[in-house]
Amino acid sequence: MKKYIFLLVIIVSWLIPTTGMAQIEEDKLGAWYMYFFSTTFKESSWGAQGDVQYRNWDIGGDLEQLLIRGGITYKPKSAAIKFTLGYGNITTGAFGSDNSTTSESRIYQEALFPVKFGNRIYTNHRFRFEQRFVESQDFRTRYRYNLFLNIPLNSAAMDQKTIYLALYNELFINGQRNIGDGNTVEIFDRNRLYFGLGYFINKKLKVQAGVMNQTTNSWNKNQLQLSLHHTI
């Protein structure tokens with residue numbers, strides 16, 4: 001266990017930059033605290049999933065975002081793919097002492113399907129399409145692709161008491177550049193690259209800790225991520 005914690009410390013140290021050039025303090029480590037849940041309605045193909053995320057520009061107190069999201073899922077019995085139709089409510093805060101916030105309502109559709117390589121490499125591919133209603137902006141859309149990679153370290157299976165290496169990379173692409181009142185955004189919205197360690201407490205509960213590097217056209221910043229994943 002100690003060697004895995006040491007590996008995580010090395011990864012975190014490597015990701016944290018030494019200087020910041022933007023108004024946002026890029027060299028200050030932020031933090032995201034997250035809870036994810038999923039469930040299946042009895043033995044049917046239908047279910048639900050969602051998450052609550054409290055994101056800070058620093059370790060705690062300077063709100064970056066409060067995100068509450070949930071959706072209905074459908075998984076065909078003849079295929080591993082899972083489809084979701086969901087809604088999210090997001091409150092975004094400004095960096096620093098500015099306490100102003102912006103609200104957003106978001107509808108999304110996604111497809112998630114797993115691919116396993118060999119005995120120890122577990123991947124998930126997630127495609128998500130979002131319709132965004134952001135305060136003081138025109139209607140917007142966004143495309144997202146996330147590749148998840150999990151590698152168990154102390155066993156071959158992702159099962160109870162398993163320690164695993166968790167990585168993902170997610171690319172965000174805006175559907176349009178004009179967002180209203182003469183304002184524009186780039187087609188490239190952002191990219192998120194994550195390294196972490198996870199632990200299966202039991203078959204229905206796991207925890208993860210790691211660092212995510214988020215890059216936009218304006219800034220590059222690292223976020224500590226602590227998450228609890230719950231299958232109900």
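**Exercise 1. Find the strand that holds Thr141 in this predicted model, and decide whether Thr141 is buried or exposed.**

Solution.
Step 1. Locate the residue: Thr141 belongs to strand S7, which covers residues 140-152.
Step 2. Read its accessibility: the relative accessible area of Thr141 is 9%.
Step 3. Apply the cut-off: buried means under 20% relative accessible area. Thr141 is therefore buried, at 9%.
Step 4. List its contacts. Neighbours within four places in sequence are left aside, and Thr141 then touches Phe129, Glu130, Asn174, Gly175 and Gln176.

**Exercise 2. Describe the salt bridge between Arg144 and Glu130.**

Solution.
Step 1. Take the distance: the side chains of Arg144 and Glu130 meet at 2.6 Å, N to O.
Step 2. Place both partners. Arg144 is in strand S7 and Glu130 in strand S6 (residues 121-134), so the salt bridge ties together parts that are 14 residues apart in sequence.
Step 3. Check burial: both Arg144 and Glu130 are buried.
Step 4. Look for further links. A network of salt bridges includes Arg144 and Glu130, and among its other members are Glu104, Arg106 and Glu170.
Step 5. Turn to another pair in this network, Asp189 and Arg190. Their side chains form a salt bridge of 2.7 Å, N to O, and both residues are buried.

**Exercise 3. Which residue forms a salt bridge with Arg69, and which strands does the pair link?**

Solution.
Step 1. Name the partner: Arg69 pairs with Asp51, and their closest N and O atoms are 2.8 Å apart.
Step 2. Assign the strands: Arg69 is in strand S3 (residues 63-74) and Asp51 in strand S2 (residues 46-56). The pair links distant parts of the chain, 18 residues apart.
Step 3. Check burial: Arg69 has 10% relative accessibility and counts as buried, while Asp51 is buried at 5%.
Step 4. Set the pair in context: the structure holds 13 salt bridges.

**Exercise 4. How many strands close into the barrel, and in what order?**

Solution.
Step 1. Count the strands and follow them round: 11 strands close into the barrel, in the order S1-S2-S3-S4-S5-S6-S7-S8-S11-S12-S13, with mixed pairing.
Step 2. Take the angle: on average, neighbouring strands of this sheet are turned by 20 degrees against each other, direction ignored.
Step 3. Examine an antiparallel pair. Strand S4 (residues 82-93) and strand S5 (residues 101-117) are joined in this sense over 12 bridges, and Asn89 has Ser105 in S5 as its bridge partner.
Step 4. Examine a hairpin. S12 and S13 form one with four residues between them. Strand S12 (residues 205-215) pairs with S13 in the antiparallel sense over 11 bridges, and Gly210 stands opposite Gln225 in S13.
Step 5. Examine a parallel pair. S1 and strand S13 (residues 220-231) run parallel and are joined by nine bridges; Tyr35 stands opposite Leu228 in S13.

**Exercise 5. Which residues make up the largest nonpolar core, and which strand gives the most to it?**

Solution.
Step 1. List the members: the largest nonpolar core has eight residues, namely Trp32, Met34, Tyr164, Ala166, Tyr168, Tyr194, Phe200 and Met212.
Step 2. Sort by element: strands S1 (30-40), S8 (163-174) and S11 (188-202) each give two or more residues to this core.
Step 3. Pick out the main contributor: S8 gives the most, with three residues.
Step 4. Follow one member. Residues up to four places away in sequence are not counted, and the contacts of Phe200 include Met158, Thr162, Tyr164 and Leu205.

Technical notes
Residues numbered from 1 in each chain as written. Predicted model: local features only at pLDDT ≥ 70, side-chain atom pairs only at ≥ 80, totals over all residues. Heavy atoms only, no water. Axes fitted to C-alpha atoms, helices over the stretch in contact; angles between N-to-C directions. Pairing = 2+ DSSP bridges. Core = buried A, V, L, I, M, F, W, Y, C linked by side-chain atoms within 4.5 Å. Buried < 20%, exposed > 50% of the residue type's maximum accessible area, 1.4 Å probe, protein only. Contact = heavy atoms within 4.5 Å. Salt bridge = Lys/Arg side-chain N within 4 Å of Asp/Glu carboxyl O.
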